[in-house]
Amino acid sequence: MSFLRINNLSTQVDGKDILKKINLKIEKGETHVLLGANASGKSTLLYTLMGFPKYNVVEGNIVFNGKNITGLEIEERARMGIAAVYQNPPAINVKLSKLLDKISKRKIELEGTKELMEREVNIGFSGGERKLSEVIQVISLNPEFIILDELDAGLDIKNLERLSSIIKKELDGKSILLITHRGRALRFFKPDFAHVMLKGEIVCSSKNWQKIWKTIEEDGYERCKRCELYSNR
Ligand SMILES: Nc1ncnc2c1ncn2[C@@H]1O[C@H](COP(=O)(O)OP(=O)(O)OP(=O)(O)O)[C@@H](O)[C@H]1O
């Protein structure tokens, strides 16, 4: 039995069909990457996995660590060890250090974060500081499965390298789903599996992420429908 298993999952948002019969298996300790054109449904999959109420599962289910979590609340899924770094996290009128005290007992000490800890979460944060703050929060929760939604968006190459190595070190052995549009993030994470989403469907899955990325760069996402790399494990 896989650690995370998404079975034939279809989702509607505000009555609109978005995800269509998604199947995905992630084992413990694996890193998977989800690629896909804008508006193909990647963030919708994240919100559905996290359990946001607007994301209505109309078919299929999600099994995490042996339990069907499809109908569970966000808080319950978080307690089970599912966490995410969001693309656009909200601002909160609380210092980052206080927020961390509230959400976890795990003490995180990372070089160069002292000043950030004493600032209110996401208020006046630069793009890089926002991502760093999100990563610190996720690490402090010590989750078992982490979804990173466009971790690399707005990060320069040095900061992407820094955050990627912090994640790899602090979350070693955990399962990761990385959503991205960029090859450099793939090169830092070296995923075990890559998936391509188009119009709400996963059209390709393969261990050969290098070849998938090359196909996308040279011929675009649509080509992935016919790239013949598909391997269902
Ligand atoms: N609340 C909503 N109401 C209506 N449509 C929605 C809603 N949320 C998402 N959608 C639609 O679902 C589709 C998928 O959006 P989603 O954000 O999941 O795509 P994405 O692959 O993450 O895109 P991007 O790469 O641009 O971030 C889009 O057409 C979007 O407009």
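Colleague: How many nonpolar, polar and charged residues does the shell around the ligand have?

Modeller: The shell has three nonpolar, six polar and four charged residues. The classes go by residue type: Ala, Val, Leu, Ile, Met, Phe, Trp, Tyr, Cys and Pro count as nonpolar, Asp, Glu, Lys and Arg as charged, and the others, Gly among them, as polar. Before we go on, this is a predicted model, in which local features need pLDDT of at least 70, side-chain atom pairs count only at pLDDT 80 or more, and totals for chains, interfaces and linings use all residues. Residues are numbered from 1 along each chain as its sequence is written.

Colleague: What makes a residue part of the surroundings of the ligand?

Modeller: A residue is near a molecule or strand if its C-beta atom, placed from the backbone, lies within 6 Å of it. Here 13 residues surround the ligand, and the closest are N38, A39, K42, S43 and T44.

Colleague: Which helix gives the most to that shell?

Modeller: That is α1, with three residues. Both β2 (16-26) and α1 (42-50) supply at least two residues each. The names come from DSSP runs, numbered from the N terminus: helices are H or I runs of at least four residues, strands are E runs of at least two. The protein has eight helices and ten strands.

Colleague: How do you know that the protein is as compact as a globular protein of that length?

Modeller: We set its radius of gyration, taken over C-alpha atoms, against the globule rule, 2.2 Å times the number of residues to the power 0.38. The protein's value is 17 Å, close to the 17 Å that the rule gives for 233 residues, so the protein is as compact as a globular protein of that length. Its C-alpha atoms fill a box of roughly 50 × 40 × 30 Å along the principal axes.

Colleague: A39 was among the closest residues to the ligand. Why is A39 called exposed?

Modeller: The label depends on how many other C-beta atoms, placed from the backbone, lie within 10 Å of a residue's own: 20 or more is buried, 12 or fewer is exposed, and in between is partly exposed. A39 has 11, so it is exposed. This residue lies in the loop between β3 (31-36) and α1, and its phi is positive, about 65 degrees, although A39 is not a glycine.

Colleague: Where is D14, and why is D14 called exposed?

Modeller: D14 sits in the loop between β1 and β2. It counts as exposed because it has 8 other C-beta atoms within 10 Å. In the hairpin of these strands, which has two residues between them, D14 takes a positive phi near 50 degrees.

Colleague: What makes β1 and β2 a pair?

Modeller: Two strands pair if DSSP finds at least two bridges between them. Strand β1 (residues 4-13) and β2 have seven bridges, in the antiparallel sense, so they meet the rule of at least two. Across the pair, T11 stands opposite L19, and Q12 stands opposite D17. The two strands belong to an open antiparallel sheet of four strands, in the order β2-β1-β4-β5.

Colleague: Why are β2 and β5 called edge strands?

Modeller: Each of them, β2 and β5 (67-68), pairs on one side only.

Colleague: Which strand runs parallel to β6?

Modeller: That is β7 (residues 145-149), joined to β6 by four bridges. For instance, A83 has I146 as its bridge partner in β7. In β6 (residues 82-85), I82 and A84 point one way and A83 and V85 the other, and all are buried.

Colleague: And L148 in β7: why does L148 count as buried?

Modeller: L148 has 30 C-beta neighbours inside 10 Å, so it counts as buried. Not counting residues up to four places away in sequence, L148 touches V85, I176, L178 and I179. A contact needs C-beta atoms, placed from the backbone, within 7 Å.

Colleague: What contacts does A91 have, leaving aside its neighbours within four places in sequence?

Modeller: A91 is in contact with V121, N122 and I123. A91 and I123 are 32 residues apart in sequence, yet their C-alpha atoms are 5.7 Å apart in space. A91 itself is in the loop between β6 and α3 (96-103), and with 12 C-beta neighbours inside 10 Å it counts as exposed. Over the protein, 69% of contacts between residues at least 6 apart in sequence join residues at least 24 apart.

Notes:
Two residues are in contact if their C-beta atoms, placed from the backbone, lie within 7 Å.
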